[in-house]
Amino acid sequence: MSTVEIRNLRKSFGKLEVLKGIDFTVEAGQVVCVIGPSGSGKSTLLRCVNLLERPTSGRVVVDDTEITDPDVDIDAVRRRLGMVFQQFNLFPHLTVLRNVTIAQERVLRRGRAEAERIARENLERVGLGEKADAFPAQLSGGQQQRVAIARALAMNPSLMLFDEPTSALDPELVGDVLGVMRELAGDGMTMMVVTHEMNFAREVADRVVFMDQGVIVEDGPPEQVIVAPRHARTREFLSRVLHPEG
Ligand SMILES: Nc1ncnc2c1ncn2[C@@H]1O[C@H](COP(=O)(O)OP(=O)(O)OP(=O)(O)O)[C@@H](O)[C@H]1O
Ligand SMILES: [Mg+2]
């Protein structure tokens, strides 16, 4: 289980400042849901934590490693993180099993038999033990996303980052993916989850962080941020997400 500490994190793209001094901590075993309007910087924040983006300034510390240190071993940092995105990015020409073994073999140097054993365990864990020999195109979107989760888990991450893992899915497929994430949270995984699923955030998150225009407006337990938000911007956002037609 990892901890994450983010201190005065800033990120600009040219003249556009997207993260304007972000501060927060994720304790070991906690689930933090990040919510906020489109363009508020949620993905950029996650991408700074997994070093897909270099922050402009500020610090990100995962356990005892300052990952914003220019000399950090990026591969070693990434090996501790599991990442799940909106698009599952499975290899279409490889079976489900192979999709879950390939990084284990190439990055962790596990042998084929061990990688397959671990892949099967994790496919069972996400409810897809039967699909090991299928190809991605033969699965539903929700099943593909669960393969992507199994693929991340097979690397034994101590921290999982999710960026809108259910927003590309048909509504009836969302529940299975959230169910897997809920179980992971119950197993004590440290998780940062960008999501618009307010029921999930309410039930599973230890903390909810509301971002708007590159700053954290509100950070607290879900009963506060989602149920009784203090700030007008949070209330406005929630009423839009909870009542999109209204
Ligand atoms: N590589 C980039 N180059 C330039 N601008 C970028 C880049 N990545 C993101 N941005 C800009 O940064 C801002 C924040 O983007 P980001 O993707 O972090 O928002 P978000 O909160 O994840 O939005 P969404 O809910 O739509 O996914 C946006 O204005 C976006 O256009
Ligand atoms: Mg995003």
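Q: Happy to start with the ligand in this predicted model: what makes the approach of Ser 43 to ligand 1 a polar contact?
A: A polar side-chain atom of Ser 43 is 2.8 Å from an oxygen atom of ligand 1. The cut-off is a pair of N or O atoms within 3.5 Å, so this pair counts.

Q: How do you know how much of ligand 1 the protein buries?
A: On its own, ligand 1 exposes 630 Å², and the protein buries 59% of that.

Q: What makes the backbone of Gly 41 a polar partner of ligand 1?
A: One of its backbone N or O atoms sits 3.0 Å from an oxygen atom of the ligand. With the limit at 3.5 Å, that pair therefore qualifies too. For Ser 40, a polar backbone atom is 3.2 Å from an oxygen atom of ligand 1, so the limit of 3.5 Å is met there as well.

Q: Why is Lys 42 counted as charged in the shell around ligand 1?
A: Lys 42 is one of the surrounding residues, and Lys belongs to the charged class, so it is counted there. By class, the shell has four nonpolar, six polar and two charged residues.

Q: Which element gives the most to that shell?
A: Helix H1 does, with three residues. H1 spans 42-49, and strand E2 (16-26) also supplies at least two.

Q: And the largest pocket: how do you know which residues are closest to its centre?
A: The pocket holds about 520 Å³ of space. Of its 19 lining residues, Met 83, Ala 103, Arg 151, Ala 152 and Met 155 are the closest to the centre. Helix H3 (96-107) is among the elements giving two or more lining residues, and its five are the largest share.

Technical notes. Residues numbered from 1 in each chain as written. Chains lettered and ligands numbered in written order. Predicted model: local features only at pLDDT ≥ 70, side-chain atom pairs only at ≥ 80, totals over all residues. Heavy atoms only, no water. Near = heavy atom within 4 Å. Polar contact = N/O pair within 3.5 Å; in protein donor to acceptor, adjacent residues only side chain to side chain. Areas by Shrake-Rupley, 256 points an atom, 1.4 Å probe, with all protein chains shown as cover. Helix = DSSP H or I, 4+ residues; strand = E, 2+ residues; numbered from the N terminus. 1 Å grid on protein atoms, 1.4 Å probe; cavity = no way out; pocket = protein on both sides within 12 Å on 5 of 7 lines; lining within 4 Å. Points joined across faces, edges and corners; volume = space filled by probe spheres on them.
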